[in-house]
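User: I am a first-year student, and I would like a close look at one part of this protein, with the reasoning spelled out step by step. Please take a single helix and show me how it sits within the rest of the chain.

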Amino acid sequence: MKSQHFPLNTLFKPSPSMKIWFRSIIACIIGLVLLFSYVPAGLFSDMPGAFSVVMLGGTFLLFILLWFWVGLYYESMWYELRDDEINWKRGVWFRKTGIVPYNRITNLDVRQGPFMRYLGISTLAIQTAGYSGQAVPEIRIEAIEHAEELREVIRSMVRGSPTRDDGTGSGTPSSISNAPVDQQILSELKSIRALLEKR
């Protein structure tokens with residue numbers, strides 16, 4: 001499937017609205033911390049004036065640092081769809097890169113909260129065979145526009161993948177994934193038996 005917004009072998013980034021989304025979350029968290037810690041402490045205790053200034057100054061400094069961190073984090077992020085895998089990179093202080101082969105992808109979930117809907121962005125969560133038993137996806141393509149189109153592009157690449165990795169390194173033909181469940185189980189058992197007989 002060819003895509004206008006997500007061509008193969010071309011880097012793409014999240015929407016710039018991601019910065020608004022992240023900064024709004026940070027502002028809300030800091031506002032709640034101030035509301036439930038500083039305000040009651042100022043109203044119901046004899047807090048020294050110097051302590052109040054230090055606390056407010058530290059909170060403001062933290063807010064400024066996180067504000068700039070969001071911009072740097074956005075600039076560090078990119079994704080790339082290739083013929084057989086997805087490449088990604090992100091991180092400001094600790095750089096993380098990864099490769100997700102299409103033949104290991106098991107789930108593609110689009111997630112969108114109310115504020116994200118307002119900004120026109122979504123997060124595409126990708127789970128693989130190794131991560132499918134966990135609640136956390138292997139990667140999240142965050143704050144992306146046209147998320148449904150991206151999901152369809154990746155889904156078409158998964159369907160066109162020549163093999164499906166079963167975690168043993170042997171791989172099974174992709175046509176098996178369309179077979180009834182009983183046939184899939186039987187095929188898996190035969191593969192396990194063949195591996196055991198080799199030992």
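Analyst: Arg151 is buried in this predicted model, since its relative accessible area is 18%, and the cut-off for being buried is under 20%. The side chain of Arg151 meets that of Glu148 in a salt bridge, with 2.6 Å from N to O. Glu148, at 43% relative accessibility, counts as partly exposed, so this pair joins a buried residue to a partly exposed one. Why can these two residues meet? Arg151 and Glu148 lie 3 residues apart in helix H4, and therefore they are separated by about one helical turn. As a general background, an α-helix has 3.6 residues a turn, so residues three or four places apart point the same way. Side chains of opposite charge can pair when their charged atoms come close.

Now consider helix H4 as a whole, which covers residues 147-159. With 13 residues at 1.5 Å a residue, H4 should span 18 Å, and its end C-alpha atoms are indeed 18 Å apart, so the expected and the computed values agree. The buried residues of H4 are Ala147, Leu150, Arg151, Val153, Ile154, Met157 and Val158. Seen down the axis of H4, these buried residues fall within an arc of 160 degrees, which means that they line one face of the helix.

What does H4 give to the largest nonpolar core? Helix H4 gives the most to this core, with 6 residues. The core holds 35 residues, and those that touch the most other members are Leu81, Ile86, Ile105, Ile126, Ile141, Leu150 and Ile154. Two of these names, Leu150 and Ile154, also appear among the buried residues of H4. Leaving aside residues up to four places away in sequence, Ile154 touches Leu81, Ile86, Tyr102, Ile105, Leu108, Leu124, Ile126 and Ile141. In soluble globular proteins, nonpolar side chains tend to be buried together.

The helix also meets the beginning of the chain. Ser3 is found in the segment before strand S1, and Ser3 is buried, with a relative accessible area of 13%. Although Ser3 and Leu150 are 147 residues apart in sequence, their C-alpha atoms are 8.1 Å apart in space. Ser3 touches Glu149 and Val153, when residues up to four places away in sequence are not counted.

Some of the contacts of Ile154 lead on to a sheet, for Leu81 is one of the residues that Ile154 touches, and strand S2 covers residues 78-81. Ile86 is another residue touched by Ile154, and strand S3 covers residues 85-90. The sheet is open and is formed by 4 strands in the order S1-S2-S3-S4, with antiparallel pairing. Its edge strands are S1 (11-12) and S4 (96-101), each of which pairs on one side only. Between S1 and S2 there are 2 bridges: in S2, Glu80 is the bridge partner of Leu11, and Tyr79 is the bridge partner of Phe12. Between S2 and S3 there are 4 bridges, and these two strands run antiparallel as well. Tyr79 has Trp88 as its bridge partner in S3, while a hairpin of 3 residues joins S2 to S3.

Charged residues are found in this region too. Glu80 is buried, at 9% relative accessible area, and it forms a salt bridge with Arg82, where the closest N and O atoms are 3.3 Å apart. Arg82 is partly exposed, at 32%, and its side chain also meets that of Glu85 in a salt bridge, with 4.0 Å from N to O. Glu85 is buried, with a relative accessible area of 16%. Because Arg82 takes part in both the bridge to Glu80 and the bridge to Glu85, the salt bridges share a partner, and Glu80, Arg82 and Glu85 are joined into one network. In total the count comes to 7 salt bridges.

Finally, the whole chain gives the setting for this helix. Its secondary structure comes to 5 helices and 9 strands, which follow the pattern β-α-α-β-β-β-β-α-β-β-α-β-β-α along the sequence. Of its 199 residues, 32% count as buried. Among contacts with a separation of 6 or more, 53% are between residues 24 or more positions apart, and the contact of Ser3 with Val153 offers one example of a link between distant parts of the sequence.

Notes:
Residues numbered from 1 in each chain as written. Predicted model: local features only at pLDDT ≥ 70, side-chain atom pairs only at ≥ 80, totals over all residues. Heavy atoms only, no water. Core = buried A, V, L, I, M, F, W, Y, C linked by side-chain atoms within 4.5 Å. Buried < 20%, exposed > 50% of the residue type's maximum accessible area, 1.4 Å probe, protein only. Contact = heavy atoms within 4.5 Å. Pairing = 2+ DSSP bridges. Expected span 1.5 Å × (residues − 1). Arc of directions from axis to C-beta.
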